[in-house]
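Work through the exercises below with the model open. Try each task before reading its solution.

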Amino acid sequence: MVVDDIARTQTERDLTSTPTIPLSERIAPITGAAVVGVQDFSAYYGAFRALDGVSMQIAEKKITALIGPSGCGKSTLLRCINRMNDLVDGFRAEGRLTYHGQDLYDKGVDVVEVRRRIGMVFQKPNPFPKSIYENVAFGPKVNGIKGNMAEIVEHALRQAALWDEVKDKLQQSGLALSGGQQQRLCIARALAVQPDVILMDEPCSALDPIATLKIEDLMRDLAKEYTIVIVTHNMQQAARVADYTAFLMMRQDRAGELVEFRDTDSLFTKPKDKRTEDYITGRFG
Amino acid sequence: MAIAARNRPGHDPYALTGNRTRDLGERVIHGLLLACALLSVITTLAIIYVLLEETVGFFQKVSFFEYVTGTKWSALIEPRSFGILPLVWGTIMVAGIAGVIAIPIGLGAAVYLSEYADQRVRSILKPTLEILAGVPTIVYGFFAVNWITPHLQDVFGDRVGFFNGLSAGIVVGVMVIPMVSSLSEDAMHAVPQSLREGAYGLGGTKFDVSTRVVIPAALSGIVASFILALSRAVGETMAVVLAAGSTPNLSLDPFQSFQTMTAFIVQVALGDAPTGSIEYQALFAVGMTLFVMTLAMNVVSQLLLARYRDVYQ
Amino acid sequence: MSAQPVILTSSNRQQTRAWISRSFTGGTFLCTLAGVVALSVLLYQVLDEGLARLSKDFLTTLPSRFADRAGFEPAIWGSVWVMGITALLTIPIGMGAAIYLELYAAKNWLTRFIQINIANLAGVPSIIYGILGLALFVRAMELQRSVLAGALTMALLVLPIVIIASQEALRAVPSSLRDGALALGATRWQTIRGQILPVAMPGMLTGVILALSRAIGETAPLIMIGAFQYVPFSPGGVADLPDCASWSDGCPLKSRFTVMPVQIYSWAARPQEAFQQTAAAGIIVLLAVLLSLNSVAIVLRNRYQRKVKW
């Protein structure tokens with residue numbers, strides 16, 4: 001079986017000498033529909049391999065967390081899903097990364113449409129140096145979304161739990177808001193183009209604890225309608241919000257690999273791979 | 001709700017297809033912008049072609065050997081003679097005097113601004129020096145004729161002609177001081193502080209650190225600034241036209257009148273030579289010589305600048 | 001055992017070194033001052049010669065064989081027309097090239113070649129551009145000694161500077177802005193037009209203004225184009241522009257012209273003292289124009305730097 005072959009070659013390259021378990025036991029299937037499928041996916045920056053043979057699935061309208069120590073490739077994987085890595089010189093992908101069954105890296109795929117469907121919120125809030133209204137309206141305008149713009153803006157800001165705080169100052173600059181508010185503005189901006197999936201790259205790492213909790217509450221609300229994938233270096237955050245969790249690690253050859261993937265409860269209470277257990281209990285990372 | 005707005009009957013709501021009109025628009029814009037960038041390449045080719053065309057015609061009438069080794073230049077007055085050396089010498093003399101002025105003063109100013117001046121002083125003096133670069137060259141020419149030449153005559157007496165190379169050289173030197181000081185200062189500024197601290201720690205004075213650590217470390221950038229300033233001096237026109245005159249001359253005496261390559265080009269242009277005449281072609285031949293000289297100097301200084309950038313960035 | 005006391009006073013050699021260092025400080029300061037002094041002397045001398053000659057008449061009359069009646073008006077209007085057309089040409093082309101090189105071009109050998117080429121063009125002496133203009137615009141394209149030929153020549157001269165300055169302004173825009181826009185499904189041009197250009201524009205405009213202020217003082221290229229002739233008329237007004245559609249003689253772009261620095265040169269080249277004073281008056285006007293332009297650029301740059309506080 002291909003999966004066992006992969007497991008065997010990975011064994012030869014593993015750093016730790018702990019007894020290894022086959023891939024099929026480390027990667028659990030999800031219940032329900034998959035929006036994004038990852039099949040033996042590898043990513044390269046020039047000659048450097050950043051990700052090696054990742055296979056997993058992102059469940060629809062659930063929150064999936066990618067955790068792991070620095071350099072394990074979790075951000076790289078996230079940015080591959082909405083093809084933001086195309087902007088990096090020398091980037092190359094191998095394997096399959098599918099969205100509703102279509103290969104995202106297929107020749108005929110329109111990158112602009114991909115990014116509309118799969119939105120992204122960045123680690124450091126990056127609102128445009130324009131008014132709050134214009135920040136949210138930019139996405140729908142460039143995508144040609146018709147309708148009453150004021151309504152679209154209001155709806156997005158409500159969904160992002162920001163409307164009440166800014167409804168009287170929509171013409172004010174987005175940069176005048178607090179860090180947490182700026183991040184929610186960025187979320188509203190992403191929601192305004194009516195995406196399917198929202199990717200969040202360590203969205204709370206630049207925020208204070210109270211703002212963080214607000215964003216986590218928001219995430220749980222949004223998951224009722226959108227599929228969310230979040231990269232976080234904070235294990236407790238993953239345990240709090242995520243339905244599924246993937247744990248990645250960097251090998252000695254600096255490539256990142258998927259160690260274990262299953263529903264969050266099981267991963268944190270009954271991890272099957274010793275490396276996962278070591279990471280969760282704080283023995284490294 | 002998420003994709004509802006995009007649903008069309010019979011159309012896969014999750015299809016990742018694009019918008020052909022939009023893509024065409026993007027490609028048109030890409031093409032237009034590329035054309036703008038390529039215009040610069042076309043400009044260079046045009047310069048080379050234009051110069052080459054008439055230069056080739058010139059060398060069909062004048063021997064290359066005579067041009068390069070002849071010591072008499074008389075392009076407009078009979079008997080004609082086309083030895084380029086007097087014009088090249090005039091250019092070298094003016095640029096040389098300019099260098100003697102600009103290089104020490106510019107380097108000294110750069111050292112002061114980089115190593116000694118505090119932020120406030122620097123923020124006043126640096127822009128003031130930049131103003132020197134912004135003054136049009138015609139103003140420098142005027143200044144040379146109306147102030148420098150009379151004062152030179154006061155000091156040195158009748159040896160100083162109304163047109164003289166020294167006056168032109170001085171004024172061009174003042175003009176390019178900011179080129180030397182700005183670029184050298186940038187180069188010195190890029191030297192890591194840790195290098196200086198190491199030298200201070202060993203008991204060096206500021207003089208020691210500046211001359212034995214900072215300047216050697218920034219040397220390629222500094223030399224690049226010298227070459228660029230000299231290249232600018234070589235290409236300078238109006239100040240030398242007004243101050244140095246139009247007498248081709250191979251003398252070593254800076255108080256006499258000289259004609260530079262650029263001054264000759266202006267002289268022909270003012271005379272409105274017909275296309276195809278030997279004067280017209282001579283204009284291009286001298287222009288080609290000037291272009292090659294400055295291009296060589298600029299390329300060398302670019303290479304030096306790239307070297308210093310690589311070392312520190 | 002008798003220990004030698006340690007004395008931290010300086011030896012002779014140390015004192016010499018300290019003296020050298022202090023003189024060095026003084027020397028380099030004098031160098032800096034020398035530049036400032038030269039500038040002051042130059043300005044004083046120009047003002048001294050020309051201030052008396054400066055008057056409203058000077059600005060509004062035509063040049064003449066008689067120094068005391070010579071006026072600057074055609075030169076001023078000539079400069080306005082030539083610089084205006086030059087700006088109209090360089091702004092879109094220069095900014096367009098900069099946008100291409102910074103935001104579209106792949107980092108390959110062609111892009112590097114174009115960049116090196118632009119850097120070289122910036123260092124080519126301005127008189128060479130004059131030669132190009134003479135051969136290409138005046139003679140080959142038969143535009144003769146017109147405002148248009150002059151403007152095209154100045155545009156080529158100024159273009160490399162505008163491109164380099166615009167590229168720097170674009171480079172200063174943080175990439176997080178671009179990422180945020182692209183992640184929303186914006187195309188490359190939508191990102192540039194909607195987010196990047198508005199932020200980079202003040203910096204780009206500053207570069208354009210500084211480039212134009214250099215061009216206003218350029219004499220040699222326009223002498224090559226033929227602006228030196230005795231031109232006792234201005235190119236015309238904006239109302240005459242419709243004539244340009246048929247390239248008839250009323251079109252200001254077709255007109256012969258002179259510009260401020262060339263007129264100054266024609267006066268300064270004459271031996272009479274009275275003409276020297278007239279030239280000085282012209283220089284004062286030219287410097288005043290340059291001062292205003294540069295002040296606008298500086299104000300623009302300061303406002304823009306205050307606005308962008310990421």
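**Exercise 1. Place A:His100 in chain A and describe its backbone and exposure.**

Step 1. A:His100 sits in the loop that links β4 (91-99) to β5 (102-103) of chain A. Helices (H or I, at least four residues) and strands (E, at least two) are DSSP runs, numbered from the N terminus.

Step 2. This is a predicted model, in which local features need pLDDT of at least 70 and side-chain atom pairs count only at pLDDT 80 or more, while totals for chains, interfaces and linings use all residues. Residues are numbered from 1 along each chain as its sequence is written, with chains lettered from A and ligands numbered from 1 in the order in which they are written.

Step 3. Phi of A:His100 is near 45 degrees, a positive value in a residue other than glycine. Most residues other than glycine have a negative phi.

Step 4. A:His100 counts as partly exposed because 18 other C-beta atoms lie within 10 Å. A residue is buried if 20 or more other C-beta atoms lie within 10 Å of its own, exposed if 12 or fewer, and partly exposed in between; C-beta atoms are placed from the backbone.

**Exercise 2. Repeat the analysis for A:Lys61.**

Step 1. The loop between β2 (48-59) and β3 (63-67) of chain A holds A:Lys61.

Step 2. Its phi is near 50 degrees, positive in a residue other than glycine.

Step 3. A:Lys61 has 18 C-beta neighbours inside 10 Å, so it counts as partly exposed.

**Exercise 3. Find the cis peptide bond from B:Glu78 to B:Pro79 and give its omega.**

Step 1. Go to the loop between β1 (73-74) and β2 (81-82) of chain B, where B:Pro79 is found.

Step 2. Read omega for the bond from B:Glu78 to B:Pro79: near -5 degrees, hence cis. Most peptide bonds are trans.

**Exercise 4. Is helix α8 (residues 179-191) of chain A mostly covered or mostly uncovered?**

Step 1. Check the length. The 13 residues of α8(A) reach 18 Å from first C-alpha to last, close to the 18 Å expected at 1.5 Å a residue. The expected span is 1.5 Å times one less than the number of residues.

Step 2. Count burial. In α8(A), 12 of its 13 residues are buried, and the helix is mostly covered. Among them are A:Arg184, A:Leu185, A:Cys186 and A:Arg189.

Step 3. Look for the cover. It includes β6 (118-121), α5 (132-142), α6 (149-159), α7 (163-166), β7 (197-201) and α9 (209-222) of chain A. Contact requires C-beta atoms, placed from the backbone, to lie within 7 Å.

**Exercise 5. Set the overall dimensions of chain A beside those of chain C.**

Step 1. Take chain A. There are 12 helices and 10 strands. Its C-alpha trace spans about 60 × 45 × 35 Å along the principal axes. The radius of gyration is 19 Å, which agrees with the value near 19 Å for a compact globule of 285 residues. This radius is taken over C-alpha atoms, and the globule rule is 2.2 Å times the number of residues to the power 0.38.

Step 2. Take chain C. It has 11 helices and zero strands. The box along its principal axes is roughly 105 × 70 × 35 Å. A compact globule of 310 residues would have a radius of gyration near 19 Å, but chain C has 26 Å.

Step 3. Add burial. Buried residues make up 47% of chain A and 50% of chain C.

**Exercise 6. How do α3 (85-116) and α6 (165-189) of chain B pack?**

Step 1. The angle is about 35 degrees, and the axes are 5 Å apart. Axes are lines fitted to C-alpha atoms, for helices over the stretch in contact, and angles run from 0 to 180 degrees between N-to-C directions.

Step 2. The contact of α3(B) with α6(B) has 21 nonpolar residues, nine polar and one charged. Ala, Val, Leu, Ile, Met, Phe, Trp, Tyr, Cys and Pro count as nonpolar, Asp, Glu, Lys and Arg as charged, and the others, Gly among them, as polar.

**Exercise 7. How many residues of chain C and chain B take part in their contact?**

Step 1. Chain C supplies 67 residues and chain B 65.

Step 2. On the chain C side, helix α1 (residues 12-50) gives the most, with 20 residues.

Step 3. By class, that side has 47 nonpolar, 16 polar and four charged residues.

Notes: Contact = placed C-beta atoms within 7 Å.
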